[in-house]
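Hi there,

Here is the model I promised to send over. Please have a look at it first, and then read my notes underneath.

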Amino acid sequence: MVQFAIEIPYWGQSLLRVVGGLVAVLLPAGGIVYLFLFKMMSFMQSRLGPMEAGPYGSLQLVAEVGKWMQKEDLAPERADVPIYKIAPLIVLLSTFLLIVVVPFGPDAYFTDFETGIFYAMAVGSVSVLGILIAGWSSANKYSLLGGLRAAGQLIAYELPMVLATLGVVIQAGSMNLNQIVVAQNDGEIFGFGGLGNPFIITQFVGFLIFMIAVQAELTQVPFDMPIAESELVSGYMTEYSGFRFLIFFIAEFATAGVFAFIASILFLGGWGIPFDWFGWDGADLGTVDNWMNVAGPIIMATKMFILVAIIMWVRFSYPRFREDQLQTFAWKFLIPLSLANIAATAILKVSF
Amino acid sequence: MTLTDRQQLSYIASQAADARLNVELETEGMTLNIGPQHPATHGTLRIICRLDGEQVIWAEPSAGYMHRGYEKLTEVRTFPQVTTLVNRIDWLGSFANEVPFILAAEKLMEIEAPPRAQVIRTILFELSRIANVSLFLGDLGVQMGAVTPVFLAFRDREYVLNLIESATGGRFHPNFDRIGGLKDDLPKGWIDEARQSVKKLMQFCDTIEDLLFGNEIFQSRMRGIGVIPAEVAKDYGLSGPNLRASGVDWDLRRDQELPMAWDKADWKVWTHPDGDSWARCWIRLQETRESCKIVEQLLDQIPAGPVMTKVPRIIKVPAGEAWVSTENPLGEMGYYVVSKGDLGPFRVKIRSASFNNISVVPWVLKGVYVPDVITILASLYFILGDIDR
Amino acid sequence: MPKKPKIPGLLKGLGVTFGTFVDTVTDGAQTVQYPHEKETPPIRARGVIALHEGNCTACMLCSRSCPDWCIYIEGHKQLAPPRRAGGKPRQVNHLDRFDIDYALCMYCGICVEVCPFDALFWSPEYEYSEPKIADLLHDKDKLGEWMETVPEAPDLEAGAGK
Amino acid sequence: MTAEADDAPAALPGDGLREGIVDDLRARIGDSLVDSHIAPNDDLWVRVATASWRETGEALKAAGFTYFCFLSAIDWMPSPYGKGEDDPDAEPVEPDTEIKQGVTGGETRLQLLARLTDLDRHVGVTIKADVPDDAAVMDSWSTLYAGANWHERECHEMFGIGFNGHPDLRNMYLPTDFEGYPLRKDFPLLARMVKPWPGIVDVEPMPADDEDDADADAGTDGDAT
């Protein structure tokens, strides 16, 4: 945890953490929605997108939130109401649980788990639970199909994601996310340390698999069968209205942001810049200058936005798979490929 | 034998048939109502599907949510008034709807439009095909979750609509055809504008081919899905690209004699042997290109002269019966016009393409998955107004 | 077609969207920000029907040829000063009411075509939506105001016959 | 037009072809072929006996007419309601109730109408058959031409013609408990009845004299130019 100049009581620290967590989740989510969903998509379609609310429509999201908040919180007559109401919160919860382990700087993190990536993979799956119960409790056939598809899909893509991460873990020799960042920035490629050693170079296959799995995990096109507005009319979200729909909506983009954070940590060097430039020593984080705690989040955000841009670019360009094709793709292609990747990484790790 | 009794009996019989099917499969099917308010149905078509998991074991389209009774309405209207009515059958390619009706009336009156009118008619006919099918090409993406193609389609269709509007005054409902010719001649500068627009539409076809048709995901979704063999297609009376995608080489523009100008242009009728969703979409893409070519060539061949032949101001069509059908964007669109020598037709049977095209749905949807229901419907391409009339 | 190295369709698709993105950034969007800027409809656009009241003789022809029965005309006969000095006073039709119900109108233009006295015209004006459907019944004063927006008929393309 | 040489017809079908079709059909169904009419180089109508409706379909399918175009019906009775454009004050005109069938004649009020196309010979044929007035039931084509299924359903709903052997004659458009057959001529079109025709109003005459108003209706009776 960041060392502050003045002593802050425990409750104060907790409050700061909560506020920090909210900022770390909601700010990227808002940025993603405005930059990519509103503007990039519109530009790719020869239009301007929202232009009326605020300069260049920058306050459109605020207007949308206001609109959703006003709407009635409906539940279908035969829905399982308590469960139905709790489902979106579970989905959003998993996003907040994920951000807990993401380090934004040498000392700017919420908690520093030794098994950070393990934890992240574990809590990332909690959202499946929310989606599944949202689909089931809506008492709607479309929602049910969407929920079941989501469950099948998220479980299928959990595996390649974990396996893709394993390559990184083997190469970094740690499951601690901060250690993974350090390993990349402190490393060198064939004796040249000027770029550090971002794992995207050595683990390119892993990176691709991870990004595909993230795409599927986020249920973005081409893997958006659980939502599939032209078939299942938004799937598990069909019956939700008002702020519960808003929570699903935020969770979708916040999770995109958080997964992009994790991807940038695993493959792009996270908050760091190559330590070689400033002569820092990776073995001792104390040698890293304190200003990295401020610059780190900005570097992270830049990398995150680049990754999200790719996710969204793909989303706006591709049609979607069919459910069975998606499963085939996961089980018959991605998983064998990631296993081969692990094997290759392990062999090279041992031999070098 | 009262009507309701028989209907009830037939309903009970169909329920019993379903029940038998379920007993044989030993599963409890789920009935999924796709529509009438569903984004994939371009309006209000309802498809009742019985599902086993995600597999469709029985499907039945239920049309009629947009029935406007045009066949009845034509009986109280005069011939010129019917034109504006039939505009609204296939609202995306409305000019093409007018043509066969006007041709049928002209056939009964034994007159023919002047050559200039024939060429301009053909140009506008093909432009309305481009407007119609370009939207289909974009919409195809939306049905499969790709959001961008439809916006590009809207963008480029606008060029065609602007052309149609500046010539006829109506973007969607031109009402430009008159018995004996056209309402008016083209405005100055239209031909040059049309040349440029057609070039843009050719580019649009390439864009869509790159963005959608070349996409491996798209191909894997489309190939081998919803195969309709030629025999079945003919049996159900499928027409247009749906028929040609099944390998039947039949295009009314080429295969019948009409006072239109298609034979003045050099173009090709595309067929595809596969009969699957891919074939249907691909044929439409190729046809858009052919239409662009036809327009491009005909723009150079507009003869000078009047656009209207001599007709009485109050049009009374001589008694008789005539059937004229043309190759409309959606398929064979025909009118069986019965006149008794009055101001208005006695009976008009409107044979619209989508009605037949959609009647194959129960056959083709058996055994496919829910996502394929959407792609097959999209590839069959129907317009609700064209089904229900 | 010459053999080109085959680019995977997935990449081509990304290229198309990226190309459009760049085009929009550099050349601007194809859309028009409606209330701030407006497109001009073509001269022939069938926006709204304008009435030149002075030309109307209340002959009922438009009303009778309307497929939707949406034109309502009332008139009465009155005496007008004679055309030539010393002549008999003429009897003319005076128009009392000329309403078009735009809620029913199909914009077919048959009324404009049949009018033998050039009293009806198409105007490309299109901004006359109303919150209530009953307000779309426009009377002859409103229809007369639209006369100002009626453009000259366009020149015809070369080769147009008489 | 450059279609491939092999599929373009050498010459468009002439009269001989259509006469041949009629002769061929007569050979297949015999006296059931009641009447035929050929519009030279254009179109062909045949009228067959009611009982041999299905037989005709089979014969034509065997003769190469494999493409099903449409199936419908015609109610030949003139509408007793007119167009709703009558003067309510005027003497009601006795509606013309004479049933006069069109091409190839007929004996009944309702006639069934279908069209088949031969895609190889590029020729279409319109088949008509009388529907008995007392029991409007015909044989179904739905097992013969699958596409006839929906057309017969529509026909049943709009004209009240039953089809023997049709699997499922539910309504397509109308509610199940709808009464009446909308496309029969004696079914009133309500849209034209609920509201008076605005064109019926005439210009009010001068208070004193109402002769000499010839110019008031200028154009209404305008005849052929």
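Below are my notes on one chain, two interfaces and one helix pair.

First, the conventions: this is a predicted model, in which local features need pLDDT of at least 70 and side-chain atom pairs count only at pLDDT 80 or more, while totals for chains, interfaces and linings use all residues. Residues are numbered from 1 along each chain as its sequence is written, and chains are lettered from A and ligands numbered from 1 in the order in which they are written.

Chain B on its own

Chain B has 16 helices and eight strands (DSSP runs numbered from the N terminus: H or I of at least four residues for helices, E of at least two for strands). Its C-alpha atoms fill a box of roughly 70 × 55 × 35 Å along the principal axes. The radius of gyration of chain B is 22 Å, which agrees with the value near 21 Å for a compact globule of 389 residues (taken over C-alpha atoms; the rule is 2.2 Å times the number of residues to the power 0.38). Of the 389 residues, 63% count as buried, meaning that 20 or more other C-beta atoms, placed from the backbone, lie within 10 Å of the residue's own.

The two interfaces

In the contact between chains D and B, each chain supplies 44 residues (contact means C-beta atoms, placed from the backbone, within 7 Å). On the chain D side, β3(D) gives the most, with six residues. That side divides into 21 nonpolar, 14 polar and nine charged residues (Ala, Val, Leu, Ile, Met, Phe, Trp, Tyr, Cys and Pro are nonpolar, Asp, Glu, Lys and Arg charged, and the others, Gly among them, polar).

Between chains A and B, 25 residues of chain A touch 28 residues of chain B. Here α12(A) gives the most to the chain A side, with three residues. By class, the side of chain A that touches chain B has 11 nonpolar, five polar and nine charged residues.

A helix pair in chain A

The axes of α6(A) and α9(A) come within 8 Å and cross at roughly 155 degrees (axes are lines fitted to C-alpha atoms over the stretch in contact, with angles from 0 to 180 degrees between N-to-C directions). The two helices are therefore roughly antiparallel to each other, a label for angles over 145 degrees. The residues that make the contact include Leu154(A) and Met161(A) of α6(A), and Ile209(A) and Phe210(A) of α9(A). By class, this contact has 10 nonpolar, four polar and one charged residues.

Happy to talk it through whenever suits you.

Best wishes

Definitions and conventions. Contact = placed C-beta atoms within 7 Å. Parallel < 35°, antiparallel > 145°, perpendicular 65-115°, else oblique. Buried ≥ 20, exposed ≤ 12 C-beta atoms within 10 Å, placed from the backbone.
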